[in-house]
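User: Please take a close look at one helix of this model and set out how its residues are placed with respect to the rest of the chain. A connected account would be preferred to a list.

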Amino acid sequence: MKVLIFTDGGARGNPGPAAIGGVIMNRDKKILAKVKRYIGETTNNIAEYTALLESLERAMEYQPTEIECYLDSELVVNQMNGVYRIKDQNLGKIAEQIQQMTFMRAITFTHVPRAQNKLADKLVNEALDEALWSSARS
């Protein structure tokens with residue numbers, strides 16, 4: 001089975017309050033699952049990697065043999081494709097988890113403009129708004 005994964009992560013401030021969003025689809029672009037979670041205070045890059053990791057974990061429930069990942073983070077795409085070296089130890093740990101999870105599967109990482117990643121971006125902002133709104137009420 002082939003799955004398409006669109007992910008986004010974001011922090012308001014860098015570091016700052018951060019959240020992740022992901023959308024898992026089948027080859028016909030039917031949504032199979034969504035991932036949306038506030039992840040606390042961290043950097044934008046950690047949020048981007050965490051979104052990819054957690055979306056891949058969710059996608060594994062469908063036992064995919066082929067995975068196409070679409071991200072609006074050029075850094076993550078270039079690091080996962082081996083174009084850039086991963087210097088940050090924390091990002092390296094997440095990248096290693098991703099590589100172990102997807103070992104023996106056909107996987108691609110493709111950069112897309114933010115306009116083509118609207119649903120994942122929307123999930124990030126919803127998670128941030130919900131978390132920040134509920135903490136403001138406390």
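The account below concerns helix 3 and then turns to other parts of the chain for context.

Analyst: The structure is a predicted model, and the description that follows rests on its computed geometry.

Helix 3 comprises residues 89-102, 14 residues in total. From the first C-alpha to the last, helix 3 reaches 20 Å, close to the 20 Å expected at 1.5 Å a residue. At the N-terminal end, Asp-88 acts as a cap, with a side-chain oxygen lying 2.9 Å from the backbone nitrogen of Asn-90. After the helix comes Met-104, whose phi is positive, near 70°.

The buried residues of helix 3 are Leu-91, Ile-94, Ala-95, Ile-98, Met-101 and Thr-102. They are on the same side of the helix because they cover an arc of only 125° around its axis. The other side of helix 3 holds Gln-89 and Gln-100, which are exposed. The partners of the buried residues are helix 1, strand 4, helix 2 (74-80) and strand 5 (106-111), against which they pack.

Thr-102, which lies in helix 3, allows a closer view of this packing. Thr-102 counts as buried because its relative accessibility is 7%, and the cut-off for buried is under 20%. With neighbours within four places in sequence left aside, Thr-102 is in contact with Leu-56, Met-60, Ile-67 and Ile-107.

The loop between helix 1 (44-59) and strand 4 (66-71) contains Glu-61. Glu-61 counts as exposed because its relative accessibility is 53%, and the cut-off for exposed is over 50%. The C-alpha atoms of Glu-61 and Gly-21 are separated by 17 Å, the two residues being 40 apart along the chain.

Strand 4 also takes part in an aromatic pair. The count of such pairs comes to 1. It is formed by Phe-6 and Tyr-70, whose ring centres are 4.9 Å apart; the pair is stacked because the planes lie at 20°, where the cut-off for stacking is under 30 degrees. Phe-6 belongs to strand 1 (residues 2-11) and Tyr-70 to strand 4, so that the pair links distant parts of the chain, 64 residues apart. Phe-6 counts as buried, at 13% relative accessibility, and Tyr-70 is also buried, with a relative accessible area of 17%.

Helix 4 may be described in the terms used for helix 3. Helix 4 (residues 118-137) has 20 residues and reaches 28 Å between its first and last C-alpha, close to the 28 Å expected at 1.5 Å a residue. Ala-120, Leu-123, Val-124, Ala-127, Leu-128 and Ala-131 are its buried residues. Seen down the axis, they fall within an arc of 125°, and therefore line one face of helix 4. The face turned away from this buried side carries Lys-118, Trp-133, Ala-136 and Arg-137, which are exposed. The buried residues of helix 4 pack against strand 1, strand 2 and strand 3.

Of these strands, strand 2 (residues 16-26) and strand 3 (residues 31-42) run antiparallel and are joined by 10 bridges. One bridge sets Pro-17 opposite its partner Glu-41 in strand 3. The hairpin of strand 2 and strand 3 has 4 residues between the strands, and within this hairpin Lys-29 takes a positive phi near 65°.

How values were computed. Residues are numbered from 1 along each chain as its sequence is written. This is a predicted model: local features need pLDDT of at least 70, side-chain atom pairs count only at pLDDT 80 or more; totals for chains, interfaces and linings use all residues. Side-chain values use heavy atoms; hydrogens and water are left out. Helices (H or I, at least four residues) and strands (E, at least two) are DSSP runs, numbered from the N terminus. Buried means under 20% relative accessible area, exposed over 50%, partly exposed in between (1.4 Å probe, protein chains only). The expected span of a helix is 1.5 Å times one less than its number of residues. The arc is that of the directions from the helix axis to the C-beta atoms. Contact means heavy atoms within 4.5 Å. A polar contact is a pair of N or O atoms within 3.5 Å; within protein, one must be able to donate a hydrogen and the other to accept it, and residues adjacent in sequence count only if both atoms are side-chain atoms. Two strands pair if DSSP finds at least two bridges between them. Rings of Phe, Tyr and Trp (its six-membered ring) pair if their centres lie within 6.5 Å; planes under 30 degrees apart count as stacked, over 60 as edge-to-face and the rest as tilted.
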